[in-house]
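Work through the exercises below with the sequence and the coordinates open. Try each task before reading its solution.

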Amino acid sequence: MAQVNLRVGDVAANTQIIIDAAIKARDELGAQVIVFPELTLSGYPPEDLLMRQGLYRQIDAALARICAEVEDIHLFVGHPRRQQNDLYNTVSVIHDGGIVASYDKQCLPNYGVFDEMRYFSAGDSPCVVEVSGVRLGVTICEDIWQTGPALQARDAGAEILLNLNASPFNIGKKEEREVILRQRVAQIGVPVVYVNLVGGQDELVFDGESLVMNRGGRVTQRAPLAVEGLYPVVFQRGDEVEPVAGEIALDLAPEAVIYQLIVLGIRDYVRKNRFPGVVIGLSGGIDSALTLALAVDALGADAVEVVMMPSEYTADMSQQDACQQAQTLGVKYSVIEIANVFHGFLNLLQDEFAGRPVDATEENIQARCRGVILMAIANKNNRVLLTTGNKSEMSVGYATLYGDMAGGFAPIKDLPKMMVYALSRWLNREQEIIPQRVIDRPPSAELAPDQKDEDSLPAYEVLDPILEMYVERDLCVADIIAMGYEASVVNDIATKVDRNEYKRRQAPPGIRITSRAFGRDRRYPLTSGYTNSDNISILSDSD
């Protein structure tokens, strides 16, 4: 099982990974077969790169090179394949100088983060290849989630089913996969080798965790989370072909899983885009503190620069805590006061603002002062600016467009606030990386005197479950109220979510962790007359 980290569009580099892995598997591990993830040559998801005709010339050259340079092992390699006016998501089986068989993906996912029907045509035929007297059936990712392709492969004589995947992570995905695989194995009575991609690609992060499941539905081998590698699988033939038990990676705590995958997502976004490092605005709050810890684990302290930008509303403890964490992690730390810049803007705008009370406008100007400073530092050093907003804030628009939302990548964009706290406590389990006071104190944007998040928002213990129901599960306001939540609170939250779609559309990409992130898999209109009108009578009665 080749659990490899590929770069979308970099056909030459991906080809070299394939060749090196195949030769190592053959010469050092004695493998007869090597199985790669879905769309190995192009990387996944290639999106509209699939419309570039030059991509297919590169794919053809790559396949020819693999055929010429690798012998004495069967390679199962994924790639896009053109045939006249159709495009297929294909696996080519390569052996001793040629392509000996191919399989076209039959079930094209078109939900959530997937839109394969935009590009591909569906195949309709099984593929079974015999290696050393054992018949190997081929399927690709979504094929295993449906019944047809696996049954086809079995009926065509498959004794082992290979499944090539680019299956992105979300919370609960590992367990969901194993349930589906167990169902499929029960139907076909054939063991499955499930090979998954590892690495970050824009908003998606692929966790790996490739596995083998025997015909009894038991996992006999599992590769670790977020680790590239070649994982040898041995099958033996008795009355039937069965896998020999191999190493099963230990299950990790949920916080460890999420933390490691965000680290992977940051590392790959920064390195694959060839940035030398990152810049972070460090406020003394928990969101920027967690972002800093993640960035250092992903890139190393030398590649991380943090800037504290106090205003007249910034508490002394915020400055102290930010400095303490920067020193603990050994990153470059700067302090740039923004009071003069802020008041300079107010002086410029005094005629425009004359006779009007102070409101969120002045708060936003402070955030935008910081955004300009951070972007300037990032530009000058050719680094990418990491934003530090969490999912709870992004959901209800508790963020400043062109202020704290300014940046190139948003590592914790899909982490609800309560999960930010959970990861921070987990991180501190052995050593205080994040100052404990940052975790314990009430969260505040510190843009006004004595400001706290709960002045504008419900407690996060209340807010996050409502957001999970409204954003991720698409429950209506009435349904959420029926679960016992206060009607005015639910209605206010839903209104804030709907009104702030325009902000989220302009936010930088961030790592998808939940089952429904803002971005690829939640697409709402900016302009809409939908107002939950079916709930008006319920809200009025409760009032």
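The exercises that follow concern a predicted model.

**Exercise 1. Helix 4: length and faces**

Task: Compare the span of helix 4 with the expected one, then find which residues of helix 4 are buried and what they pack against.

Solution:
- Step 1. Helix 4 covers residues 173-188, 16 residues in total. From first C-alpha to last, helix 4 reaches 23 Å. The expected value at 1.5 Å a residue is 22 Å, so the two are close.
- Step 2. Apply the cut-off: buried means under 20% relative accessible area. In helix 4 this selects K173, K174, R177, E178, I180, L181, R184, V185 and I188.
- Step 3. These residues cover an arc of only 165° around the axis, so they sit on the same side of helix 4.
- Step 4. Look at what this buried set packs against. The partners are helix 3 (148-155) and five strands' worth of segments listed here by name: strand 8 (160-165), strand 9 (192-196), strand 11 (204-207), strand 12 (211-213) and strand 13 (219-222).
- Step 5. Check the residue that follows helix 4. This is G189, and its phi is positive, near 65°.

**Exercise 2. Helix 12: how enclosed?**

Task: Work out how many residues of helix 12 are buried, and name the elements they pack against.

Solution:
- Step 1. Helix 12 spans residues 417-427. Of its 11 residues, 8 are buried.
- Step 2. The buried residues are K417, M419, V420, Y421, L423, S424, W426 and L427.
- Step 3. Helix 12 is therefore largely enclosed by the rest of the structure.
- Step 4. The packing partners are helices: helix 5 (254-272), helix 6 (286-299), helix 11 (391-396), helix 13 and helix 14.

**Exercise 3. Salt bridges within helices**

Task: Take the pairs E69 and R65, D268 and K272, and K496 and D492. For each, give the N to O distance, the spacing in the helix and the exposure.

Solution:
- Step 1. Start with the principle. Side chains of opposite charge can pair when their charged atoms come close.
- Step 2. E69 and R65 form a salt bridge, with the closest N and O atoms 2.8 Å apart. They are 4 residues apart in helix 2, so about one helical turn separates them. E69 is partly exposed at 40% relative accessible area. R65 is partly exposed too, at 29%.
- Step 3. D268 bridges to K272 at 3.4 Å. Both lie in helix 5, 4 residues apart, about one turn. D268 has 8% relative accessibility and therefore counts as buried. K272, at 16%, is buried as well.
- Step 4. K496 and D492 meet at 2.7 Å, N to O. K496 is partly exposed at 25%, and D492 is partly exposed at 36%. Both lie in helix 16 (residues 487-499), 4 residues apart, about one turn of the helix.
- Step 5. Turn to a linked set. Salt bridges with shared partners join K174, E178, R182, R222 and D251 into one network.
- Step 6. Put these in context: the whole structure holds 31 salt bridges.

**Exercise 4. Two loop residues**

Task: Locate E47 and S456, classify their exposure and list their contacts beyond four places in sequence.

Solution:
- Step 1. E47 sits in the loop between strand 2 (33-35) and helix 2 (53-69). Its relative accessibility is 28%, so E47 counts as partly exposed.
- Step 2. Beyond its neighbours within four places, E47 is in contact with Y119, D202 and R520.
- Step 3. Now pair E47 with R237. They are 190 residues apart in sequence, and their C-alpha atoms are 41 Å apart.
- Step 4. S456 lies in the loop between helix 13 (436-440) and helix 14 (460-472). At 38% relative accessibility, S456 counts as partly exposed.
- Step 5. Leaving out residues up to four places away, S456 touches Y398 and K496. Y398 is 58 residues from S456 along the chain, yet their C-alpha atoms are separated by 8.6 Å.

**Exercise 5. A nonpolar patch**

Task: Identify the residues of the nonpolar surface patch that includes L348, and place L348 in its element.

Solution:
- Step 1. The patch is made by V341, F345 and L348, and its area is about 300 Å².
- Step 2. L348 is found in helix 8 (residues 339-348).
- Step 3. The relative accessible area of L348 is 69%, so L348 is exposed.

How values were computed. Residues are numbered from 1 along each chain as its sequence is written. This is a predicted model: local features need pLDDT of at least 70, side-chain atom pairs count only at pLDDT 80 or more; totals for chains, interfaces and linings use all residues. Side-chain values use heavy atoms; hydrogens and water are left out. Patches are made of residues with over 30% relative accessible area and no salt bridge: like charges are joined within 9 Å, nonpolar side chains (Val, Leu, Ile, Met, Phe, Trp, Tyr) within 5 Å. Accessible areas come from the Shrake-Rupley method with a 1.4 Å probe; for residues, only the protein chains shown count as cover. A salt bridge is a side-chain nitrogen of Lys or Arg within 4 Å of a carboxyl oxygen of Asp or Glu. Buried means under 20% relative accessible area, exposed over 50%, partly exposed in between (1.4 Å probe, protein chains only). The arc is that of the directions from the helix axis to the C-beta atoms. Contact means heavy atoms within 4.5 Å.
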